[in-house]
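I opened my notebook for a first look at a new structure. Come along as I jot down what I looked up.

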Amino acid sequence: MNTGGSWQFPWGRVTQTYARHSSSFPDGTYGGNPNGYILEIEGKVIYDLGDTCPFAEMAWYGEDYNIDVALMPVGDLFTMGVEGAVRAAKMLKPGLIIPIHYNTFPPIQIDIEQCRRRLEQEASK
């Protein structure tokens, strides 16, 4: 697959999306294009944003898909943080957000309860 492409598998459809993130290996060599994936499975839509920050085209995904679940990075420093996740959620309008890429090592430690409250606050507007 490549960015923007889709493929119908026996179990559902996958679309590879853009993600804004750097990509390199520990030795500094280029690691390829970062991407996310939209999965359409059994009438549900799951969007794994991958490592990214919010970007304007997310609004298109929010218009083109009825996103049931968004796997959304919130850890900051290497991906978007809470405020970026709020911006992305406004564009995507997912039914449920599952936070990812946080609290796995010190630089990306966050208060996940504060994150949850902030996302819920924006969803209620």
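**Entry one: a starting residue.** Does Met58 count as buried or exposed? I kept in mind that this is a predicted model. I found Met58 at 0% relative accessibility, so it counts as buried. I placed Met58 in helix H1. Next I looked up its contacts, leaving aside neighbours within four places in sequence: they are Tyr47, Leu49, Thr52, Cys53, Ala88, Met91 and Leu92. I also checked Arg117, which is 59 residues from Met58 along the chain, and the C-alpha atoms of the two are separated by 22 Å.

**Entry two: helix H2.** Three of those contacts sent me on to H2, as Ala88, Met91 and Leu92 are among its buried residues. H2 spans residues 82-92, and I noted Gly84, Ala85, Val86 and Ala89 as the other buried ones. What covers them? I listed strands E4 (44-48), E5 (69-73) and E6 (96-100), along with helices H1 (58-64) and H3 (112-123), as part of the cover. Just after H2 I met Lys93, whose phi is positive, near 50°.

**Entry three: the sheet.** I then traced the strands. Six of them form an open sheet with mixed pairing, in the order E1-E2-E3-E4-E5-E6. E1 (6-9) and E6 stand at the edges with a single partner strand each, so one side of each has no neighbour in the sheet. From one strand to the next, I read an average twist of 20°. H2 packs on this sheet, where it touches E4, E5 and E6, and its direction makes about 155° with that of E5.

I picked one strand pair for a closer look. E2 (residues 12-18) and E3 (residues 35-41) run antiparallel and are joined by six bridges. For Val14, I found the bridge partner in E3 to be Leu39.

**Entry four: H2 beside H3.** How do these two helices lie against each other? A reminder to myself: two packed helices are described by the angle between their axes and the distance between the axes. Here the axes come within 10 Å and cross at roughly 30°. An angle under 35 degrees counts as roughly parallel, so I wrote down H2 and H3 as roughly parallel to each other. The crossing of H2 past H3 is right-handed.

On the H2 side I listed Val82, Glu83, Ala85, Val86, Ala89 and Lys90, which meet Cys115, Arg118, Leu119 and Glu122 in H3. Sorted by class, this contact has six nonpolar, four charged and no polar residues.

Terms used
Residues numbered from 1 in each chain as written. Predicted model: local features only at pLDDT ≥ 70, side-chain atom pairs only at ≥ 80, totals over all residues. Heavy atoms only, no water. Buried < 20%, exposed > 50% of the residue type's maximum accessible area, 1.4 Å probe, protein only. Contact = heavy atoms within 4.5 Å. Pairing = 2+ DSSP bridges. Axes fitted to C-alpha atoms, helices over the stretch in contact; angles between N-to-C directions. Parallel < 35°, antiparallel > 145°, perpendicular 65-115°, else oblique. Left-handed = near helix turned anticlockwise from the far one by under 90°. Nonpolar A, V, L, I, M, F, W, Y, C, P; charged D, E, K, R; others polar.
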